[in-house]
Amino acid sequence: MVYETGSMSSAVACLQFSRNSQNFVTTLAVAVMLVVASYTGFWIPAAAVPARVTLAFLCFLMVLTNLQAVEKKLPPLLLTHRVWIIDFLAGCMAFCFASLLEYALVHIGLADIAKKKAAA
């Protein structure tokens with residue numbers, strides 16, 4: 001190339017970046033299925049506490065594992081930056097934890113009813 005100051009050489013490069021978003025689509029689908037699976041535990045009889053709690057707890061742990069795997073793939077971020085997929089997985093984790101709390105409330109209610117029946 002010729003410039004006013006003289007002839008200089010230059011280099012031109014063309015970079016093309018692509019990302020594989022299929023990983024995140026799979027992560028989202030799995031998270032939604034786990035939340036649905038967690039709430040299907042309400043069809044399990046209330047007296048089967050171990051089955052209900054195990055189902056909800058496993059779903060909670062699996063969503064937590066997915067969240068940690070996604071966080072590991074992302075570059076380090078400041079606390080002011082938010083990533084929507086992390087927020088989505090945190091919401092899914094909250095729904096799974098809410099089902100655990102609902103099971104606890106049902107169990108407490110059933111124990112209270114049993115105490116009242118025993119006292120009567």
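**Starting from Ser99**

Set aside the neighbours within four places in sequence, and Ser99 touches Ser38, Tyr39, Phe42 and Ala56. This is a predicted model, and Ser99 is a handy place to begin looking around in it. The residue sits in helix H3, which covers residues 84-119. Is Ser99 buried or exposed? Its relative accessible area is 0%, and the cut-off for buried is under 20%, so Ser99 counts as buried.

What does the side chain of Ser99 do in there? One of its polar atoms lies 2.7 Å from the backbone oxygen of Cys96. Keep Cys96 in mind, since that residue also turns up in the contact list of Leu34.

So over to Leu34, then. You'll find Leu34 in helix H1, residues 22-40. Leu34 has a relative accessible area of 8%, and because buried means under 20%, this residue is buried too. Which residues does Leu34 meet beyond its neighbours within four places in sequence? The list reads Cys59, Met62, Val63, Asn66 and Cys96. For a sense of distance, try going from Leu34 to Gln68: the two are 34 residues apart in sequence, and their C-alpha atoms are 16 Å apart in space.

Now zoom out to the whole chain. The protein chain has three helices and two strands, and reading along the sequence gives you β-β-α-α-α. Contacts like those of Ser99 and Leu34 can be put in a wider setting: of the contacts in the chain with a separation of 6 or more, 66% are between residues 24 or more positions apart.

The overall dimensions are worth a look as well. Along the principal axes, the C-alpha atoms fill a box of roughly 105 × 25 × 15 Å. How does the radius of gyration compare with that of a compact globule of 120 residues? The globule would come in near 14 Å, whereas this chain has 26 Å.

As for the surface, 20% of the 120 residues count as buried, with Ser99 and Leu34 both meeting that description. The accessible surface adds up to about 9,200 Å², and carbon and sulfur atoms own 69% of that area. Last come the charges: there are 8 positive and 5 negative side chains, and the centres of these two sets lie 16 Å apart.

How values were computed
Residues numbered from 1 in each chain as written. Predicted model: local features only at pLDDT ≥ 70, side-chain atom pairs only at ≥ 80, totals over all residues. Heavy atoms only, no water. Helix = DSSP H or I, 4+ residues; strand = E, 2+ residues; numbered from the N terminus. Rg over C-alpha atoms; globule rule 2.2 N^0.38 Å. Buried < 20%, exposed > 50% of the residue type's maximum accessible area, 1.4 Å probe, protein only. Contact = heavy atoms within 4.5 Å. Areas by Shrake-Rupley, 256 points an atom, 1.4 Å probe, with all protein chains shown as cover. Lys, Arg positive; Asp, Glu negative; His and termini not counted. Charge placed at Lys NZ, Arg CZ, Asp CG, Glu CD. Polar contact = N/O pair within 3.5 Å; in protein donor to acceptor, adjacent residues only side chain to side chain.
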